[in-house]
Every structure is written in structure tokens, then in C-alpha cells.
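Biologist: I am new to this structure and should be grateful for a close look at one part of it. Please describe the interface of chain B and chain A.

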Amino acid sequence: MSNSGEIWVIGEQRRGRLEEVSLELLSKGTALSQRMGVTLSSVLLGDEVEEIARELVFHGAEKVYLLEDARLRYYQSEAYARLLSEVIKEHEPQIILIGATEIGMELAPKVAAKLRTGLTAHCIDLYVGEVDDTPHLIHVVPGWGGNLVMHIICPQRRPQVVTVKPGVLPKAVRDENKKGKIIRVKPDVRDEDFRWIETVEVVEEPPQGKSLESADVVVCGGWGMNALGDFSRVQELADILGGVVAGTRPAMDKGWVEEAWMIGQSGKTVSPGLFVSLGASGAMHYTTGFMGSKVVLAVDHNPQAPIFHVADVGIVGDLREVLPCLIAELKKDRMPRKF
Amino acid sequence: MGLEILVCIKQVPHPDHFSEIRLDVGSGHIIREGVPAIINPLDRNALEEGLRVKERFSGKVTVISMGPPQAQKALEEALAMGADRGILLCDVAFAGADTLATANTLFYAVRKLGKFDLIYCGNETVDSGTAQVGPQLAELLDIPQVSGVQEVAFVDEKTLEVRRALEHGYMKVRLKLPALLCVTRGINRPRLPTVQSIMEVAQKEMIIWKAKDIGAPPESIGLKGSPTCAAGVYEHKVGRRREIMQGSTEEQVQRTVARLKELGAI
């Protein structure tokens, strides 16, 4: 590990809204920069996004390289990848953290390939550790559906680039007293950046209310909900607990939840205070999506189901009986006791 | 004329058997003996997309895979689905490749094969699932690329309008051929081979290339060409309490609520 070369967090904004994963990267970036004694900086591309640059400072970035241009309003595949790799070449950071979002997962490999450098996908943790008596940045990634954990290193080439799975790391704390420098970099946006590929439209409506990643309680229904015929009681339970509803892949296939609410390896990863799994047997590619939860409650009819190996509290039983009973019990509990 | 179409596929262990994949603690090797291998599910969608484009505009579909000798099975299955030619990149020199070295290997093979109008990949594999090789290959080839592709429309024979997934919506991207597209599950329903198409496999071309056949420099492929490497593999230990509640449904539920309170979860 070197004590020269900054740590960079690539800030991701969509239509002027900062993605939450950027704040998660800043908390990890802060810890690593303190451990290594180097500067934590952020890079932000967009149009009229200085306010977001300030948010990055409030969340721990000591510097923000700000690239603003009207044509950078949306993520633009070639323009973003080229400009980012050029600013990287100029400033030579040693570590680059990118959120493993739909866009980050496309941008990171483009940038890493342009720089011919190492890239590790969707890390769940990063720390400085020793490998053969030499300190390295250890990239922790889940393998084989969460069955195994792999440690990846990038021994020589710099910068080392990693993407980090959203919803796994804690967010940096906001502090308006934090000071940082916003460095304006005039982006050299060219016509040819848009000649072969251009984003023409972005349609995105973040769901109303709590997001899955920030919810303190997640109630997730699986195939076993079939016995109840619908998902309304999952919602009811989530409402009582002040949580949000999610589903497994079979639940998505059934049309009970949209893809954005699917938990698992190919879906979302969540780390709520309470994760409730209803009628899911516990396949690895599902359970890897809630490994980081504080407490897991599982309900399933099959006592042998692997879900009970990854649960703190388990109820073996028929959901048609257990769920109404659980809802009633919690309702009773939530009622004012006495006047 | 017609379009030259390339589909990149990977043979992967069947996800239903992932729990059987174990770590040999002594050697640190991953043991996956007896785990059945399949074509990565999204790569079937990629192939289906390629076949449909060929059926519409005419052309030729080549499937390519880097892997051990048994990966030829996956290519044969792709031929049975309707691909015209299979290419297996098989050499010990390719082993231990990370995503950049894999993309490099594919890059040299594509360069040898000549021009392609469209390259399709599955958005990610079920095993390592990095979703990186597609965009890295496109970058090395210097062609436009889109990940998370849900829908493709031809504006004209050289221009595509692609809908790609976002977390809570979508993005429309316009791009010119040649291009590389990484497709998602919803884009189509992959066809099954027919008796007729299975019989035709034996007549189709299957090429096996080693590193020297594609002119790949040793320092850019395999372990040597990989900037990243594994420093260790560990079994994932989940420290859960695993307390199964006892009694009637009512009792179990009451105990659950009490326990969740003790744990500060509600």
C-alpha cells in the first residue's frame, strides 16, 4: 500500500439527485483514508450539480473534482468513461470506489479497461490487511451465491478500482461544518463522444416513501405465499412493523413484487434492523441478499428448510395460520395499554 | 449481405447446486465435482436475441466461449439452438484469468475472426456475476456498449434504440453498429432445440483455438494478464441464533414477539 495517491469515490447523481450508495462509499472511503493517511476525494459529473458536490463534502470528501456540462446531465456511456479515465490519469488516485448500481456496473468496467487496470465487482467490504506480510487493500466479495467469501487483491496496477454493492455499508454521517475544496475541472466534452452512443431519455421514479435500502424493517415473501393466494398480508405485516415489502425471485416471477424489490444475488442486498422472511426455503442466492441484517425472523412450513440456518428466530408452520396470528399479536402489542 | 453476429457464452455450475460447492480447507481450492454444468442462463437470452436478429435480417451467428474442454458441450447446445458456428478458446494459458484477461482473450479471438456487426453477452453470469467482461470487451474493441438491455429496436439497419434497466425505471440509449449489448432476462424467451436442429449440430463448424492461434500475448491473458487475483477463499460463517420457537401457533408467535423485543428488533 502506498501513502501517496488519493482515494476517490465516484459520486453518482441521477437527474440532480445523489444516489445513496455514494454516501456508503464515503463512509468506507473515510475509514480507509484515515487508516492509510491519504486524502479522500470525490468526482462528480453532471449539469448544475454544485449542491451535490457540497453534499459530498458534508459527508466526508476533502476534495470534490466537479465536471459540469449541459451534455453531462444524464449518464453518457462514452463521455463519462472517457472524461473519468482522463481525470484519473491526470491525478493518479490509487483506489477508486464506485457504487455497483445499474450505471456503476457499466461505467466501472469501461473505465478500468481504458486504464488496463484491475477491477473487483460488488464488494461487501474493504479493508487494509496483510497478505504474505505485505499490506494490501482486501476486496471482500461473496462467491457461489454467498456460500463462500473471497478475498481479492490488486497487487501491482494502479489505480485499483472496486464496485461496492449498495445497501451493505453504513452511510457517512452528514455534517455541515465539514470543510472541503470543490475543484472545478472544465470537461472537454466532444461531439464524437455522442456520435456512436447517446442517452436520449431517462425515466426513473424513485418509489414513494421509504426505499428498500434505507428501510429499518424488510418483510420479504417467497413462493410459500402462494398458499395465501396474494401478497396483501405481507403488506399488512410490513405496515404494522413500519417496514417495506420485498420478494424473492419466485415472488417476482409470480408478479407479486417488481424487480426493484427483489432480494438476492441478482437483486437487492439489504441490511435492515429486522428482516422477515415468509415462505422462502432459503436458497443461497436469496439469503446472500440479507446477510448483513441485524435480526432475521423466518417463517416456513418445512422444518428442514435451510432458511432456519440463517435465521435468529424461526417459526415452523403454515403461513395461513402463522401470519394472521402474528399480525394480530403485533397489533395487540402496538395498542395503547391503559388510559 | 446479412449481419455478422457474435454471442459470448459461459459454461457455469447449475445454481441449484451451489450449496454443494465446497472449499478444500487444506489446498484452498474450490471443489465442484459432480455439480452439473449449464449454459449461463442469461447467455441463452443473448443467443436468442442473436438468432432473432439473424432471422430478421439474415446473417450468421457465431458462439464463442473461453473454458475447459468440457465447455464444448455448452457450445454444442448453442449450435443445437440454432447458432451456425462454435468457437472454443481452450488453453491452460487462459486459466486463472480475471475479467480483464478474459476480455483480452476474447478481444484477440474477435480480432482474428474479423468484423462483427453485433456482439451479444448475457448481462452477468450466475457464478461470479461480475457483469464486467461485456463492457471490458467492448472497450478493448472500441465499440459502443450497453448493459442491462431489456429491449432493442432497429431505427435503421445501422442504428439501434435500446432500453436499458435502471433501479427504478429505464434509460433509452441510441447507438450505432457495430455494438455490444449485454442483455437481461426479460428481453425474450430462449428457444429450445428441436430434434431437427440437434441433428444438424454434427454438420456445423466447431473450432478450438489455443492462445497462439489467436495471437494473444502471454502477458495479457490468464493469470499473468490479470491485474487482480484471489488472496483467499473462506467459508461464509453466519452467526445466527437459530432459535426455533416451540408450542402451538399462538405460543410460537407470542414467544417470537417477546424475543424480537428482547433483541431490540421491534
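Modeller: What follows is an account of that interface, from its extent to its individual pairings. The model is a predicted one. In it, 74 residues of chain B are in contact with 85 residues of chain A. The size of an interface is often given as the accessible area lost when the parts come together. Here the area buried between chain B and chain A is about 6,800 Å², and carbon and sulfur atoms give 59% of it. On the side of chain B, the residues that lose the most area to chain A are B:Glu167, B:His168 and B:Arg240, which together make up 11% of what that side buries.

B:Arg240 also takes part in a salt bridge, its partner being A:Asp312, with the closest N and O atoms 3.0 Å apart. Across the interface of the two chains, seven salt bridges are found. Polar contacts between chain B and chain A number 35 residue pairs.

Several elements of chain B give two or more residues to the side that touches chain A, among them α4 (133–141), β9 (145–156), β14 (229–235) and α7 (249–262). Of these, α7(B) gives the most, with 10 residues. Sorted by class, this side of chain B has 35 nonpolar, 18 polar and 21 charged residues.

Strand pairing also links the two chains. β14(B) pairs with strand β10 (residues 148–153) of chain A in the antiparallel sense, over six bridges. Within this pairing, B:Tyr234 of β14(B) stands opposite A:Val149.

Definitions and conventions:
Residues are numbered from 1 along each chain as its sequence is written. Chains are lettered from A and ligands numbered from 1 in the order in which they are written. This is a predicted model: local features need pLDDT of at least 70, side-chain atom pairs count only at pLDDT 80 or more; totals for chains, interfaces and linings use all residues. Side-chain values use heavy atoms; hydrogens and water are left out. Contact means heavy atoms within 4.5 Å. Buried area is the accessible area (1.4 Å probe) that two parts lose on being put together, summed over both. A salt bridge is a side-chain nitrogen of Lys or Arg within 4 Å of a carboxyl oxygen of Asp or Glu. A polar contact is a pair of N or O atoms within 3.5 Å; within protein, one must be able to donate a hydrogen and the other to accept it, and residues adjacent in sequence count only if both atoms are side-chain atoms. Helices (H or I, at least four residues) and strands (E, at least two) are DSSP runs, numbered from the N terminus. Ala, Val, Leu, Ile, Met, Phe, Trp, Tyr, Cys and Pro count as nonpolar, Asp, Glu, Lys and Arg as charged, and the others, Gly among them, as polar. Two strands pair if DSSP finds at least two bridges between them.
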